[in-house]
Amino acid sequence: MENLAAPQFSPDLVRLKYLATKIRMAIIKMVHQAQSGHLAGALGLADLYTALYFGALKHHPFDPNWSQRDYVLVSNGHTCPVWYATLAEAGYFPKVWLSRFRQLDSPLQGHPHFFPKIQDETEINQPVPGVENTSGPLGQGLSQAAGLALSLKRAQKPNVVFCFLSDGEHQEGQTWEAYMLAGQYHLTNLVPIIDHNNIQISGRIDQIMSVNPLPTKLRAFGWDVWQINGHDQLEFQKAIRLIKAGVRRPTAILAETISGRGVSFMENKFEWHGKIPSQAEAANAITELTTQLDNLNYDPHST
Amino acid sequence: MTLIQPNFTNLTQGPRDGFGAGIMVAAKQNPRVVALCSDLDESVRLATFAHNFPNQFVEVGVAEQNLVGVAAGLALGGLKPFAASYAAFNPGRNWDQLRVSVCYSNLPVTIVGGHAGLTVGGDGASHQILEDIALTRVLPNLTVIVPCDAAQAYAATLALVDHSGPAYLRLSRVDTPDLTDGLNFKIGQAQILRPGTDLTIFATGVMVAKALQAAQTLQIHNLQAQVINLHTIKPIDVTAIVRAANQSGVIVTAEEHQIYGGLGSAVAEVVTQNLGHQITQPTVIEMVAVNDCFGESGPADAVMEKYHLTTEAIVAAAEKALRRRAQL
Ligand SMILES: Cc1ncc(C[n+]2csc(CCOP(=O)(O)OP(=O)(O)O)c2C)c(N)n1
Ligand SMILES: [Mg+2]
């Protein structure tokens, strides 16, 4: 007889959900351990990062500078716990690095930094494998990504440039200057991934300073928009596949996400943008995520 | 003298709290006072203000260039705007708007830069601006103030309401010892916090408390250091610097800023331009500042220590300055 209670996921999807949950646990631990950092955005992005790095991205974690890779740039640098945890899970660097997030002498800075080459012998001045740009001050990333995409296009290289952006940073003029340029230069090799969680620090975006409706605005800037559920990992992977197969106009992925996703008491609450969980809150979050992990019944060694 | 008995360890408030309290009083007294913010009202202590004075508050969203531009426009309309964000973006991102829309027109806009310097801590180098004093003190018409504690930030905020031109108010994220009672605060007038005749330490912002502690250490070695709080970097108090140079010929500067272009440079400019004129004896300067590099993430105290913005560094600089002076 069919079991109606338990949702049936494809093996691929179960694996992606398993990885996203593990990454969420790592995010909670990093921010709690550092006693500083940003949880809500990072948790909401875990499904997208997992879907990108485990199935959609052309990359070699052990050869981060592989010339044929897709590039991933991050503009909303405060969400970097999800980037670091994903890169570690994918094998770019050892997971033990995560426990030194935001600590003195750590390569994992509070906002990601990029150096093209080793600056000196100290650990902090080594490039972080997989991190391709410096961010933190909101609104700068899409310009960096557009410049990179333009350089690739002019060199007739096939690499694709992904760029994560938050909805809050669509309040910065520079973001729109970058969209305008990419539209003008027809940068179909640039794929912005917008985290549309409708929160910023002091409240809900549409109450503080609305950026909506994003699809209409983006289309007016020369873009096509693919609107997805930011927690549907297969839909996201499909969107990327189709965009990579070739598009008429530059195409952005607008991901509708729930901030704090996976931890019930953090979901959709702007207050959790940069709040540090207490010992009890962190423990409760880990318990919730552990239950989710167990319910997946996934054996990571099965393949 | 405005020195109160400082407690260096039990800290409960900092300059940003003084600003938050001052702007409330200012807005109540003067309906032309308005505050603007770019999605950081809690961090720059404007959350209560926003709640209590909704008609004197403007939230512009994450848009610091617009923040200053709109503030300039409000000033054109006869209002007295205080535009606040992190110093990394305000003036870090909107320097051109500050230069042209505000300073060129000499409008009475105060920009408030919170979370300045290494003491930001965990957010790391991108947010730890160490260049803002250099950026602002070169702008014509602009007054630059770095309060050392909450009471002084409170007093500075109220003083700026009555100030007729543009100003930059630099605030730290961390709490600081209460060093002043806020009385006798006058824009442009340096404060002697401790007398001493062997050398003078000029400090600003969070380094003032460390300068006082360094002076205590130096006293154990029988060295009497005068400590002067240069809360106003521009217009700089030329008289205070000239007097210090003539007194001992030994000056140490201490700031949470790059070594180029900040407080140390400003003091050196005054000394070199007055030597052989108002200053009648050879004078040496040692600068305690960040040595031309970016900061990094970490607990505020640990970062300050790694980048040598400490009491010990000031003591060492004082000893070196005295040795150098003896060579002349
Ligand atoms: C230029 C700039 N201004 C201000 C900030 C401070 N800041 C950090 S995150 C943030 C909120 C932005 O909202 P969003 O990026 O959508 O946050 P999330 O959804 O991840 O919580 C702000 C104002 C910044 N990092 N950069
Ligand atoms: Mg958001």
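This passage describes the two protein chains of a predicted model, a magnesium site and one loop residue.

In this predicted model, local features require pLDDT of at least 70, side-chain atom pairs count only at pLDDT 80 or more, and totals for chains, interfaces and linings use all residues. Residues are numbered from 1 along each chain as its sequence is written, chains are lettered from A and ligands numbered from 1 in the order in which they are written, and side-chain values use heavy atoms, without hydrogens or water.

Chain A contains nine helices and seven strands. Helices (H or I, at least four residues) and strands (E, at least two) are DSSP runs, numbered from the N terminus. The C-alpha trace spans about 55 × 50 × 45 Å along the principal axes of chain A. Its radius of gyration is 19 Å, which agrees with the value near 19 Å for a compact globule of 303 residues. This radius is taken over C-alpha atoms, and the globule rule is 2.2 Å times the number of residues to the power 0.38. Of the 303 residues in chain A, 56% are buried. Buried means under 20% relative accessible area, exposed over 50%, and partly exposed in between (1.4 Å probe, protein chains only). Contacts are heavy atoms within 4.5 Å. Among chain A contacts with a separation of 6 or more, 73% join residues 24 or more positions apart.

Chain B comes to 11 helices and 12 strands. Its C-alpha atoms fill a box of roughly 60 × 40 × 35 Å, taken along the principal axes. The radius of gyration of chain B is 19 Å, in agreement with the value near 20 Å for a compact globule of 328 residues. Buried residues make up 62% of chain B. Residues 24 or more positions apart supply 80% of the chain B contacts with a separation of 6 or more.

The magnesium ion (ligand 2) has three protein donors: Asp167(A) (OD), Asn197(A) (OD1) and Ile199(A) (O). They lie 2.1 to 2.3 Å from the ion. Donors are N, O and S atoms within 2.8 Å of the metal (3.2 Å for Na, K and Ca); water is not among the atoms, so sites may look incomplete. The donor spacing in sequence is D-x29-N-x1-I. Both Asn197(A) and Ile199(A) are buried.

Ser202(A) sits in the loop between strand S4 (199-200) and strand S5 (203-204) of chain A. Ser202(A) counts as buried because its relative accessibility is 18%. Beyond its neighbours within four places in sequence, Ser202(A) contacts Ile208(A) and Phe270(A), together with Asp39(B), Asp41(B) and Glu59(B). Tyr298(A) is 96 residues from Ser202(A) in sequence and 39 Å away in space, C-alpha to C-alpha.
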